[in-house]
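This report walks through one protein chain for a reader who has not met it before. The sequence and the structure come next, and the text then moves from one helix outwards to the chain as a whole.

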Amino acid sequence: MSKIKNIIASEIINSRGYPTIFAKLILDNDKEVSISTPSLETLYDYQVLELKDNDENRFKGNGVKKAVYYINNLIAPKLKGVSIDKQIEIDNWLIKADPSERKEKLGVNTIFTISSLIAKASALDKGIFLYQEINNLFKKITNKDLSIEKLPSPIFPILIGGRHGQINLDFKEFQIIPSSSFSYSLAYQKGVEIYHLLRHLYKFNFSFNLDVLASIQEIIKRENLGYGQDVFLGVNLGSQFFYSGYRYALKDKSLPIPSDEMLNFIINSIVKKYSPLILTDCFANEDFSYWSKLNNQISKEVYLFGDELIGSNKKRAEKAIKEKALNSIVLRLNQIGTITEMIIFVYFLKENNITLQIASDLGETTDSFIVDFSVGVQADFVNFGPPVHGENVSKYNRLLEIENQFNK
């Protein structure tokens, strides 16, 4: 196996216009790989932290020169001459170097950068695809065989509301999920067509959240597709955003409503009327009793995902599973740390029969590492954002490449 000759990091700009880490790893045979690290938005104290400069005179404190310095001057010198097949050992070294629960010493961005580079370089050195390298690591870390048999089903957000919305509505994402009976390329085609048609016909003229659900249903039928057969509905409510004072303030209701009324609204106005395949973050992050009540009523019909509820935190996932609050979980890889930790988390979910969705984050780049990881661990679903824009399309294009490789 080749050895690490050098690792060099610098700043680049992510999809939100703020700095993130770009790094390349050079092997002693002069082959090299690179990673553009996605950025996260830390909202809750159970989420990990990025290492940022906190210099308000530069990018409002969002610079990452400190992380770049750590990589170039503290980490890279220690890894020079190390064999590239030492993924687990290097990951464990990184974990020991920053044992804090929130990765506040090195920053999750620093750790993710190094660990991802090792995996990419190892795949390159072996002459295999990155998803095969991830799959091999899964077997090595868990002692469980996992056959690569399929591509994850894509979830396409068609409209974005909530905290970062392009429309002034409460729900975070209005989604479609093409049938898994479609090839991936056909699923992507349908996602793009419905995405553009919704904008052409309605031009964001929505007053209520439920208006969007009715419009998506109508468009699917207009396209001569079977609603709930060829294309399914998904909704990420992102309920923490409109939760305050133990009540949920929805545009669809004249006054903020308590949890029991929110439960009735979800069951009667969404589940019974629109038969969604996926619901995400239906209640606030600490409203666990109502998560459990909802899951008890719909778990046989609907994938009930925890996203912000979990924050890619394994302890939160353990609590939610113990309380039977959900049957599905969203993971965002840049909110975890090393490849080893990611795989251990995925294995834990699989062992507990929890449906897995791997999703990209808010401050994205055009890097497609997340795609190969998703295929390598055989995630059930992936969500890389709307089926447009470079930072999203680069990932959907990588899935097209892998589909072509599968078909050869």
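How many residues does helix H4 have, and what distance does helix H4 reach from its first C-alpha to its last? In this predicted model, helix H4 covers residues 130-142, which makes 13 residues, and its end C-alpha atoms lie 18 Å apart. That is close to the 18 Å expected at 1.5 Å a residue.

**Helix H4 and its surroundings**

Buried positions in H4 are Leu130, Tyr131, Glu133, Ile134, Asn135, Leu137, Phe138 and Thr142. The cover over these residues includes H2, H3, helix H10 (339-351), helix H11 (369-376) and H12. Directly after H4 comes Asn143, with a positive phi near 60°.

Tyr347 belongs to helix H10. Apart from residues up to four places away in sequence, Tyr347 touches Phe138, Thr142 and Lys144. Phe138 and Thr142 are among the buried residues of H4. Tyr347 and Lys144 stand 203 residues apart in sequence, while their C-alpha atoms are 9.1 Å apart. Tyr347 has a relative accessibility of 22%; buried means under 20% and exposed over 50%, so Tyr347 counts as partly exposed.

**Helices H7 and H8**

Helix H7 runs over residues 259-274. Its 16 residues should span 22 Å at 1.5 Å a residue, and the end C-alpha atoms are 21 Å apart, so the two values agree. Ser259, Met262, Leu263, Phe265, Ile266, Ile267, Ile270, Val271 and Tyr274 are the buried residues of H7. Among the elements that cover them are helix H6 (209-222), strand E7 (231-236), strand E9 (247-248), strand E10 (278-280) and helix H8 (288-298). Ser275, just after H7, takes a positive phi of about 45°.

H8 has its own buried set: Phe288, Tyr290, Trp291, Ser292, Leu294, Asn295 and Ile298. Their cover includes H7, E10, strand E11 (303-306) and helix H9 (314-322). H8 is thus listed in the cover of H7, and H7 is listed in the cover of H8.

**Two buried residues around helix H3**

Gly107 sits in the loop between helix H2 (87-97) and helix H3 (108-126). Is Gly107 buried or exposed? Its relative accessible area is 0%, and buried means under 20%, so Gly107 is buried. Not counting residues up to four places away in sequence, Gly107 touches Leu49, Glu50, Leu51 and Asp98. The C-alpha atoms of Gly107 and Lys52 are separated by 8.0 Å, with these positions 55 residues apart along the chain.

Thr113 lies within helix H3. Thr113 is also buried, with a relative accessible area of 0%. Beyond its neighbours within four places in sequence, Thr113 is in contact with Ile21, Ala23, Ile35, Thr37 and Ile71. From Thr113 to Asn268 the C-alpha distance is 45 Å, and the two are 155 residues apart in sequence.

**Positive phi values in loops**

Two loop residues other than glycine have a positive phi, as the table shows.

| Residue | Phi | Loop | Relative accessibility |
|---|---|---|---|
| Asn54 | about 55° | between strand E3 (32-36) and helix H1 (65-79) | 61%, exposed |
| His389 | near 80° | between strand E14 (381-383) and helix H12 (390-407) | 49%, partly exposed |

Why does Asn54 count as exposed? Exposed means over 50% relative accessible area, and Asn54 has 61%. His389 has 49%, which lies between the limits of 20% and 50%, so His389 is partly exposed.

**The chain as a whole**

The secondary structure comes to 12 helices and 14 strands. Along the principal axes, the C-alpha atoms fill a box of roughly 65 × 50 × 40 Å. A compact globule of 408 residues would have a radius of gyration near 22 Å, and the chain has 21 Å, so the chain agrees with that expectation.

Of the 408 residues, 59% count as buried. Among contacts with a separation of 6 or more, 68% join residues 24 or more positions apart. The chain exposes about 16900 Å², of which carbon and sulfur atoms supply 47%. There are 48 positive and 48 negative side chains, and the centres of the two sets lie 1 Å apart.

Notes:
Residues numbered from 1 in each chain as written. Predicted model: local features only at pLDDT ≥ 70, side-chain atom pairs only at ≥ 80, totals over all residues. Heavy atoms only, no water. Helix = DSSP H or I, 4+ residues; strand = E, 2+ residues; numbered from the N terminus. Rg over C-alpha atoms; globule rule 2.2 N^0.38 Å. Buried < 20%, exposed > 50% of the residue type's maximum accessible area, 1.4 Å probe, protein only. Contact = heavy atoms within 4.5 Å. Areas by Shrake-Rupley, 256 points an atom, 1.4 Å probe, with all protein chains shown as cover. Lys, Arg positive; Asp, Glu negative; His and termini not counted. Charge placed at Lys NZ, Arg CZ, Asp CG, Glu CD. Expected span 1.5 Å × (residues − 1).
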